Amino acid sequence: MTEAVVWLIAGLVLIGVEVLTGTFVLVMLGGGALAAAAAAGFVHTPLTINVLIFAVVSVALLAGARPALRRRMHVELDSGHNPVGVSGLVVQRVDRDHGQIKIDGELWSARSMEIGRVFEPGERVTVMQLSGVTAVVASEL
């Protein structure tokens, strides 16, 4: 594989994994990898320059875009969309790492607060806290 394809795959994988975390870190690193892929593919820059591009773009995104995104998420959550204490319906299996629930018609990524506890579709859960944009849930109260 060419270097540009490797950078492209790395960027897309990082962005894809971000969906599971909701921390806005991996998506910024993915942006850096996509910038390095563009440089490698279009300008044919050497590896050392591509690594430098990856680092500079990633740091710039982490310093500039991530805080703005986090502030926006907190504003939206503070404006009445905070589901802590609310009951939700499991729509995709929820375990310690991932899952999905529905609260008032909205889909939320979710993970189990209880170690070893898995919630199957159709079960009701209670949102105990938020971790980024992921609802941390436990058995319905």
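Analyst: Let's start with a cut-off: a residue is called buried when its relative accessible area is under 20%, and exposed when that area is over 50%. Keep in mind that what we are reading here is a predicted model. Take Val 90 in strand 1 as a warm-up. Val 90 has 2% relative accessibility, so it counts as buried.

User: Which residues does Val 90 touch, leaving out those up to four places away in sequence?

Analyst: Gln 100 and Ile 101 are on the list, and then comes a run made of Phe 119, Glu 120, Pro 121, Gly 122 and Glu 123, with Val 125 as well. You can also look at backbone spacing: from Val 90 to Ala 110 is 20 residues along the chain, and their C-alpha atoms are separated by 8.9 Å.

User: What residues make up the largest nonpolar core?

Analyst: The general idea first: in soluble globular proteins, nonpolar side chains tend to be buried together. In this model the largest nonpolar core has eleven residues, including Val 90, Val 94, Ile 101, Trp 108, Ala 110, Phe 119 and Val 137. Strand 2 (100–103), strand 3 (106–112), strand 4 (124–131) and strand 5 (134–139) are the elements that give two or more residues to this core. For one member in detail, try Val 137: its contacts beyond four places in sequence include Val 94, Ile 101, Ala 110, Phe 119, Val 125 and Val 127, along with residues such as Arg 111 and Glu 114. There is also a second, separate core of six residues, with Ala 4, Ala 33, Ala 37 and Ala 40 among them.

User: Now the helices. How many Å should the 19 residues of helix 1 span?

Analyst: Think of a helix as rising 1.5 Å a residue; for helix 1 (residues 3–21) that predicts 27 Å, and the end C-alpha atoms are 27 Å apart, which agrees. Next, ask where the buried residues sit: in helix 1 they are Ala 4, Trp 7, Gly 11 and Glu 18. Looking down the axis of helix 1, those buried residues fall within an arc of 65 degrees, so they line one face of the helix. Leu 12 and Val 19 are on the other side of helix 1, and they are exposed.

User: How many aromatic pairs are there?

Analyst: The count comes to one aromatic pair. The ring centres of Trp 7 and Phe 54 are 5.4 Å apart and the planes sit at 40 degrees, so this pair is tilted. Trp 7 belongs to helix 1 and Phe 54 to helix 3 (residues 47–78), so the pair ties together parts that are 47 residues apart in sequence. As for accessibility, Trp 7 is buried at 14%, whereas Phe 54 is partly exposed at 23%.

User: What does Leu 62 touch, not counting residues up to four places away in sequence?

Analyst: Leu 62 is in helix 3, and the residues it touches are Phe 24, Val 25, Met 28, Leu 29 and Pro 67. From Leu 62 to Val 25 is 37 residues in sequence but 6.9 Å in space, C-alpha to C-alpha. Leu 62 counts as partly exposed, at 28% relative accessibility.

User: And backbone angles? Which residue just after helix 1 takes a positive phi?

Analyst: Gly 22 does, at about 70 degrees. The background is that most residues other than glycine have a negative phi. Two non-glycine residues worth a look are His 44, with a positive phi near 60 degrees, and Asp 104, with a positive phi of about 50 degrees. His 44 lies in the loop between helix 2 and helix 3, and Asp 104 lies in the loop between strand 2 and strand 3. His 44 counts as exposed at 63% relative accessibility, and Asp 104 is exposed too, with 76%.

User: Last one: where in the chain is confidence lowest, and where is it highest?

Analyst: Start from the overall picture: the chain averages a pLDDT of 85, and 91% of the residues score at least 70. Helix 3 has the lowest confidence, at a mean of 80, while strand 1 (residues 87–92) has the highest, at 92. Look hard at residues 75–79, where the pLDDT is below 50; that stretch has five contacts in the model beyond near neighbours in sequence.

Key: Residues numbered from 1 in each chain as written. Heavy atoms only, no water. Helix = DSSP H or I, 4+ residues; strand = E, 2+ residues; numbered from the N terminus. Expected span 1.5 Å × (residues − 1). Buried < 20%, exposed > 50% of the residue type's maximum accessible area, 1.4 Å probe, protein only. Arc of directions from axis to C-beta. Core = buried A, V, L, I, M, F, W, Y, C linked by side-chain atoms within 4.5 Å. Contact = heavy atoms within 4.5 Å. Phe/Tyr/Trp six-rings, centres within 6.5 Å; stacked < 30°, edge-to-face > 60°. pLDDT = per-residue confidence, 0-100.
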